[in-house]
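The exercises below concern a predicted model. Each sets a task and then works through a solution step by step.

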Amino acid sequence: MDASTLLAAQRIVPVVVIEDAATAVPTAQALLAGGLSAIEVTLRSAAAIAAIRAIAQDVPDMLVGAGSVRGAQALTQVRDAGARFAVSPGHSAALLEAAAAQSFPLVPGSATPSEAMTLMDAGYTLQKLFPAEIVGGTAWLRAIAGPLPALRFFPTGGIRLPQVADYLAQPNVACIGGTWLTPSDSTPAEITQRAKDALAQVPNRN
Ligand code: 3PG
């Protein structure tokens, strides 16, 4: 299954940086309780692989993926830990080759029309837009919808609660992500509330 199909039901995917693997399962459960059923655990912390493994084993209703996946070795590592999809801030030939060789669901990143076209040629119709707010946010998404109408995006980078509705109202936005849902000092109850607040902003799809 490709990432586009796997993530089709998701509109908000929390990006989480887990510093202590013991917090992985409570964080995933708190997000699920708030109505969010996919999570992107970034490889930006030493505990990330253990966190992915714990969520995959103990929170089966959570669709667990890995973020900041930059190369073939990381892709294999996250797959072996139980991640079901991988997200990358960009793309390299080695990463795309590894994902194709393993038939592993990958959301590679683009931030220019040329990058988006390179990924489209490689078969990726769902692409991460990163860093979304810096490269133009919803204005970028509206602009690219004309020349590249087949593409759908997963913007992350700088998105916070007040921007959720505007991003998700763009027809070429499949889902959005960000770390605002799980600040490092938050309790599970706070995470659940943040998830609910975010879902309340999701516009109905026509
Ligand atoms: C990512 O890895 O997708 C981004 O770091 C998320 O950006 P944010 O921290 O601004 O939400």
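**Exercise 1. Determine which residues surround the ligand, and describe the polar contacts and the cover of the ligand.**

Solution. Begin with the shell: Val15, Arg44, Lys128, Phe130, Thr156, Gly157, Gly158, Arg160, Gly178 and Thr179 surround the ligand. Sorted by class, this shell comprises 2 nonpolar, 5 polar and 3 charged residues.

Next, consider the polar contacts, for which a pair of N or O atoms must lie within 3.5 Å. The side chain of Lys128 places an N or O atom 2.7 Å from an oxygen atom of the ligand. For Arg160, a polar side-chain atom is found 3.2 Å from a ligand oxygen atom. Gly157 contributes through its backbone, a polar atom of which is 3.5 Å from an oxygen atom of the ligand.

Finally, turn to the cover: of the 310 Å² of accessible area that the ligand has on its own, the protein covers 86%.

**Exercise 2. Establish the strand order of the 3-stranded sheet, and identify its edges.**

Solution. The strands of this open sheet follow the order β6-β7-β8, and their pairing is parallel. Because β6 (109–110) and β8 (152–155) each have a single partner strand, one side of each is left without a neighbour in the sheet.

The pairing of β7 with β8 can then be examined: it is parallel and extends over 4 bridges. Within it, Lys128 stands opposite Phe154 of β8. Lys128 is also one of the residues surrounding the ligand.

A helix completes the description. Helix α8 (residues 137–145) lies across β7 and β8, and its direction makes an angle of about 170 degrees with β8.

**Exercise 3. Give the strand order of the 6-stranded sheet, and locate its edge strands.**

Solution. The order in this open sheet is β5-β4-β3-β2-β1-β9, again with parallel pairing. Its edge strands are β5 (106–107) and β9 (176–178), each of which pairs on one side only.

At the β5 edge, β4 (residues 85–87) pairs with β5 in the parallel sense over 2 bridges. Here Ala86 has Leu106 in β5 as its bridge partner.

Elsewhere, helix α3 (residues 48–58) lies across β2 (38–42) and β3 (63–67), running at about 160 degrees to β2.

**Exercise 4. Describe how helices α4 and α5 meet.**

Solution. Take the geometry to start with: the axes of α4 (residues 72–81) and α5 (residues 93–102) come within 8 Å and cross at roughly 35 degrees. The contact is made by Ala72, Leu75, Thr76 and Arg79 in α4 with Ala94, Leu95, Ala98, Ala99 and Gln102 in α5. By class, these residues divide into 6 nonpolar, 2 polar and 1 charged.

**Exercise 5. Explain why the backbone at Ser68 and at the Phe130–Pro131 bond merits attention.**

Solution. Most residues other than glycine have a negative phi, and most peptide bonds are trans. Against this background, Ser68 has a positive phi, near 55 degrees. Ser68 is located in the loop between β3 and α4.

The bond joining Phe130 and Pro131 is a cis peptide bond, with omega about -10 degrees. Pro131 belongs to the loop between β7 (126–129) and α7 (132–135), while Phe130 is among the residues surrounding the ligand.

Notes: Residues are numbered from 1 along each chain as its sequence is written. This is a predicted model: local features need pLDDT of at least 70, side-chain atom pairs count only at pLDDT 80 or more; totals for chains, interfaces and linings use all residues. Side-chain values use heavy atoms; hydrogens and water are left out. Two strands pair if DSSP finds at least two bridges between them. Contact means heavy atoms within 4.5 Å. Axes are lines fitted to C-alpha atoms, for helices over the stretch in contact, and angles run from 0 to 180 degrees between N-to-C directions. A residue is near a molecule or strand if one of its heavy atoms lies within 4 Å of it. A polar contact is a pair of N or O atoms within 3.5 Å; within protein, one must be able to donate a hydrogen and the other to accept it, and residues adjacent in sequence count only if both atoms are side-chain atoms. Accessible areas come from the Shrake-Rupley method with a 1.4 Å probe; for residues, only the protein chains shown count as cover. Ala, Val, Leu, Ile, Met, Phe, Trp, Tyr, Cys and Pro count as nonpolar, Asp, Glu, Lys and Arg as charged, and the others, Gly among them, as polar.
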